[in-house]
Amino acid sequence: MNRKTLSLIVLLAALTLMLAACPAATPAEPTTAGEPAAPSADQPAAETGTRTVTFMAEATTRGHDANAVAYCEEQTGIDVEVVNGPESATDRLALYLQFFGAGSGDIDAMQIDVIWPGILAEHLVDLRPYLSDEQYESYFERIVLNNTVDGALVGIPWFTDAGLLYYRTDLLEKYGFDGPPDTWAELEEMAQTIQDGERAENPDFWGFVWQGAAYEGLTCDALEWQFSWNGGTIVEPDGTISINNPNAAAAFDMAASWVGTISPPGVVSYMEEDARGVWQAGNAAFMRNWPYAYSLGNAEGSEIAGNLAVVPLPKGGEDGQNADTLGGWQMAVSRYSDDVDAAAEFAVCMTSYEAQKIRAIEGSMLPTIGDLYSDEEVLAAQPFFAQLYDVFAGGAVARPSTVTGEDYNQVSTIYFTEVNRVLTGQQTGQQAVEAIEQQLQSLLGQ
Ligand code: GLC
């Protein structure tokens, strides 16, 4: 059993125990949209004057998160207890659904993925009434629309994400390359050349690391491969199931050909942190990952500090396109929280300009407030924010979560399971696109 599975089991066990020990965890009356919940009379917090909010955050709380939480504790006077969630987005969704299914108020506030509003809306509070018009209007509109379900703002945009190609500037120079690759074919060639050269000194060196495990992260990577070859978005915004096309099939075969050549055989079970571990130890020329890996790569103690840069992911062929999957997380509040008002106040603070600024400067987390991309202190810390503004502000490729709504997690599970089977040599790209199409047709009733 690996470390991640173990921590999930520990969390689930903790949940079971908490529920057993806490008979009062019956669902609170759901808050009516548009009307902030009245504080309940029997709250111990009100008696002591101390309000406490439990917040389920990242898998590993890093400095920037702790500092943003500390800032909000000071601003609001609320005590925040941070609980770390599972790293895998797929496991995290399962955990949230367990909490919600039990009507548990043990977690008051949580971060939710950009693909989940349709799945989780019924369990979340409408946060629009807690936001000033000014703050509400400061966010990227695309994300606000994404997070609005039946008129309720079920998550406040906290940070956005886009898949990026990381490359080693020192190694590109060492092997005589002028700049990063423009197409996947160029990446393959550069990765192979650098890997061949570095292997002489370092047997652990690989050309390219990415996310190949069967979980939500693979959906993000594989969507980039297929979209870059003009292979569509699995289910198009109008509901058409478009996955069965030769470009998507060829894109999956391309990625399968990397396994064991320019990418480690184990990449088929990598998540973000596995890829970053290899990369940050100085053992890879290229990495596909999200912006959070930028400031960690440059942090003190990193083997590669000062020797990395980012660009959009490569195009398919010459007539292909750059494709960076849109990710990102929202602050949400559980309807079953014992103190919805405190949790909402905390969520409003964590998504404010100041808190987002802390996380942008210290953690290279992409803000959801356009003005932060022209803030001088932010740009001084993260120059790539300006360079890739167009991608971050709206150019990233969305997964089909709005059109498939409540079914999205099943759509993604079908997709990443079949793509993973291509990566592990169990089927071809063509077999995968046919299998995905067939399962999506029966799931979505087409
Ligand atoms: C990142 C993205 C998120 C995505 C996840 C997949 O956290 O922000 O949207 O679902 O990666 O691993």
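User: Glu 273, buried or exposed?

Analyst: This is a predicted model. In it, Glu 273 is partly exposed, with a relative accessible area of 24%.

User: What does Glu 273 pair with?

Analyst: Arg 62, in a salt bridge. The closest N and O atoms are 2.8 Å apart.

User: Where do those two sit?

Analyst: Glu 273 is in helix α12, residues 272-280. Arg 62 is in the loop between β1 (51-57) and α3. The partners are 211 residues apart in sequence, so the pair ties together separate parts of the chain.

User: How many salt bridges are there in the whole structure?

Analyst: The search finds 15.

User: Give me one with Asp 170. What's its partner?

Analyst: Arg 168. Their side chains meet at 2.9 Å, N to O.

User: Are those buried or exposed?

Analyst: Mixed. Asp 170 counts as partly exposed because its relative accessibility is 25%. Arg 168 is buried, at 8%.

User: And Arg 421, what does that meet?

Analyst: Glu 418, again in a salt bridge, 3.6 Å from N to O. Both belong to helix α20, residues 408-423. They are three residues apart there, so about one helical turn separates them.

User: How accessible is each?

Analyst: Arg 421 is at 30% relative accessibility, so it counts as partly exposed. Glu 418 has a relative accessible area of 9% and is buried.

User: Which residues are joined into a network by shared partners?

Analyst: Arg 62, Glu 273 and Arg 276 form one network of salt bridges.

User: Switching to cysteines. How many disulfides?

Analyst: One. It joins Cys 72 to Cys 349, with the sulfurs 2.2 Å apart.

User: Where are the two ends?

Analyst: In distant parts of the chain. Cys 72 is in helix α3 (residues 63-76) and Cys 349 in helix α14 (residues 340-350). That puts them 277 residues apart.

User: Which hand is it, and why?

Analyst: Left-handed, because the torsion about the S-S bond is about -90 degrees.

User: Buried or exposed, those two?

Analyst: Cys 72 and Cys 349 are both buried.

User: What about Cys 220?

Analyst: Buried too, with a relative accessible area of 2%.

User: Last topic, the surface. Where does negative charge gather?

Analyst: In a surface patch of Glu 186, Glu 189, Glu 318 and Asp 319.

User: Where is Glu 318, and how accessible?

Analyst: Glu 318 lies in the loop between β10 (308-311) and β11 (326-333). At 63% relative accessible area, Glu 318 is exposed.

Key: Residues numbered from 1 in each chain as written. Predicted model: local features only at pLDDT ≥ 70, side-chain atom pairs only at ≥ 80, totals over all residues. Heavy atoms only, no water. Patch = residues over 30% accessible without salt bridge, like charges linked within 9 Å, V, L, I, M, F, W, Y side chains within 5 Å. Areas by Shrake-Rupley, 256 points an atom, 1.4 Å probe, with all protein chains shown as cover. Salt bridge = Lys/Arg side-chain N within 4 Å of Asp/Glu carboxyl O. Lys, Arg positive; Asp, Glu negative; His and termini not counted. Charge placed at Lys NZ, Arg CZ, Asp CG, Glu CD. Helix = DSSP H or I, 4+ residues; strand = E, 2+ residues; numbered from the N terminus. Buried < 20%, exposed > 50% of the residue type's maximum accessible area, 1.4 Å probe, protein only. Disulfide = S-S within 2.5 Å.
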